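I opened my notebook to look at a new structure today. Here is what I set out to read from it, one entry at a time.

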Amino acid sequence: MNIVHAFLNRARSHPHLAAVTCSGQTLSFGELATRCHALAAYMVQDMQLAEGSRVVICMENRAAFFETLFASWIAGLSAVPVNAKLHPKEVRQITGDCGAALVFASDHLLSGLQPVLADMPQAVPLVSVDDDAYHAMLRHSPMPCKDMQADNLAWLFYTSGTTGVPKGAMLTHRNLLGMSLHYGADIDYVMAGDTMLHLAPLSHGAGQYSLPHIFNGGHQVIEKSFSPELLLDGLQRYPRVSLFAAPTMITRALRAAEGLRNAGGNLQTLVYGGAPMYVSDLLKTLEVFGPRLVQIYGQGESPMTITQLSRQDHQGNGDAAHLARLASCGVARSAVQVKVVDDEGRELPLGEPGEIITRSDTRMLGYWNNPKATASAIRDGWLWTGDIGSFNELGYLTLRDRSKDMIIRGGSNIYPREIEEVLLRHAAVAEVSVIGAESADLGEEPVAFVVLKHGMSVTQQELDTLCLDNLARFKRPREYFFLEDLPKNNYGKILKTVLRQQLRRSN
Ligand code: AMP
């Protein structure tokens with residue numbers, strides 16, 4: 001079972017239908033499939049990539065994302081989509097960790113990636129998808145699609161662990177099929193010619209949700225990055241538009257929609273998730289866009305698929321039950337088991353918060369090359385999410401807290417430890433702790449508490465430069481606070497809860 005058959009079947013039944021549009025250029029399903037078969041053949045025959053080899057896909061949103069993704073699957077390879085906003089050193093880390101055999105990148109990222117990839121112990125070929133050479137690959141004589149097993153690795157999804165080192169969640173063909181079937185079962189029935197507007201990175205949730213859509217003949221309209229105006233314009237311009245958006249994208253769109261009539265335009269379904277959506281924002285969104293919202297709760301390890309708050313669940317008269325529903329992340333997806341348990345894995349009574357665990361066909365195989373992390377995340381077949389939540393008597397799950405100290409900035413996850421490790425490299429820094437500060441625009445933003453070594457000094461500018469040299473731009477702290485000491489417990493552990501209280505008091 002190769003997941004790409006779902007796309008190839010549609011290309012056969014609807015070859016002339018628009019599949020992908022980007023920068024004013026449209027590829028039909030037939031054209032896209034032809035390119036993918038050709039590129040697959042190039043990778044297998046000319047590059048001699050062995051079955052199961054990993055192919056890194058690192059580019060801003062563009063049609064080549066689908067060409068390289070589907071070609072990898074046709075060729076029996078595993079795709080490793082990587083966020084284009086990562087620092088080249090972070091891309092290098094992922095490329096090395098997964099033992100990539102090939103990297104596809106956009107021209108824009110090439111100059112940053114070339115020196116760091118050339119420096120790796122094993123040279124990895126780097127192909128620009130903007131080059132003539134790449135276009136020649138798309139004209140190679142085609143190869144047929146390889147057969148795969150359901151549990152073969154299809155998408156290696158890099159998520160950061162609490163240790164700060166990214167871990168690769170191994171998503172199989174079965175996982176992606178499970179995720180796609182759940183879209184149809186719980187969220188929407190996609191029809192040929194429907195539109196999916198992509199304003200969020202295809203390397204993450206938007207790319208994963210493009211699969212069920214394109215498999216049903218949907219038209220993927222790609223924008224390189226997000227702006228509220230592009231979102232609102234897309235809703236007017238295209239038929240039956242669906243999109244996946246982080247809550248912060250929606251709140252920005254709401255502000256831009258003020259005073260507009262029929263801002264929802266041709267919106268079919270607005271799927272949101274990945275970070276908390278506050279009830280007041282949700283009520284406003286329903287007012288502006290109508291009852292066309294679906295919330296999903298998932299994580300890279302069980303892609304897009306743990307619970308959902310359906311469009312019907314969003315409707316109500318504003319009474320307590322309705323508001324409680326809106327504050328929840330809905331009920332377990334159709335063929336997904338979800339439990340709230342204590343540390344020993346015992347199911348907790350209704351209303352009592354505990355760790356959320358889940359089991360289904362969308363649960364990842366494990367972490368790439370990391371049996372220890374896999375053993376801790378998957379126990380007796382259940383995925384331990386690291387999220388804290390509680391169920392009510394109707395089976396609605398409310399997320400209470402994140403057990404990890406992850407910061408969600410505008411839908412992008414930031415792990416404090418990564419930033420702390422970089423700041424600690426500065427000779428003057430003795431201790432550091434990074435937490436999320438509330439931000440009206442982005443939900444959260446990292447701020448750093450820094451303790452300096454005795455008699456030493458440093459400027460904010462220096463620390464900023466250090467971060468920019470080593471981390472993706474969006475991860476650098478918004479502010480630095482200098483303290484004499486960090487609050488700690490009896491075991492010497494830094495108390496981030498106390499830092500959060502201090503920050504709230506000072507605001
Ligand atoms: P990622 O693996 O990047 O998709 O991040 C997954 C994490 O985002 C989850 O473990 C949750 O902590 C958080 N998350 C996902 N969906 C929601 C949601 N609907 N509401 C609140 N937090 C969410």
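My notes below go from the sheet to the helices that lie on it.

**Entry 1, the sheet.** I kept in mind that this is a predicted model. I looked up the strand order and found an open sheet of nine strands, running β2-β1-β10-β9-β11-β12-β13-β14-β15, with mixed pairing. Next I checked the edges, where β2 (25-28) and β15 (331-332) each have a single partner strand, so one side of each has no neighbour in the sheet.

**Entry 2, one strand pair.** I picked β13 (residues 293-299) and β14 (residues 302-309), which pair in the antiparallel sense over four bridges. Which residue of β14 is the bridge partner of Gln-295? I found Leu-309 there.

**Entry 3, helices across the sheet.** I followed α7 and saw that this helix lies across β9 (195-198), β11 (241-245), β12 (267-273), β13 and β14, at about 10° to β14. I then turned to α11 (residues 279-289), which lies across β12 and β13 and runs at about 165° to β12.

**Entry 4, two helices meeting.** How do α7 and α8 cross? I read that the axes of α7 (residues 173-187) and α8 (residues 205-215) come within 9 Å and cross at roughly 70°. The two helices are therefore roughly perpendicular to each other, and α7 passes α8 in a right-handed crossing. I listed the contact residues as Leu-176, Met-179, Ser-180, Tyr-183 and Ile-187 from α7, with Gln-208, Tyr-209, Leu-211, Pro-212 and Phe-215 from α8. Sorted by class, I have eight nonpolar residues, two polar ones and no charged ones in this contact.

Note on methods:
Residues numbered from 1 in each chain as written. Predicted model: local features only at pLDDT ≥ 70, side-chain atom pairs only at ≥ 80, totals over all residues. Heavy atoms only, no water. Axes fitted to C-alpha atoms, helices over the stretch in contact; angles between N-to-C directions. Parallel < 35°, antiparallel > 145°, perpendicular 65-115°, else oblique. Left-handed = near helix turned anticlockwise from the far one by under 90°. Contact = heavy atoms within 4.5 Å. Nonpolar A, V, L, I, M, F, W, Y, C, P; charged D, E, K, R; others polar. Pairing = 2+ DSSP bridges.
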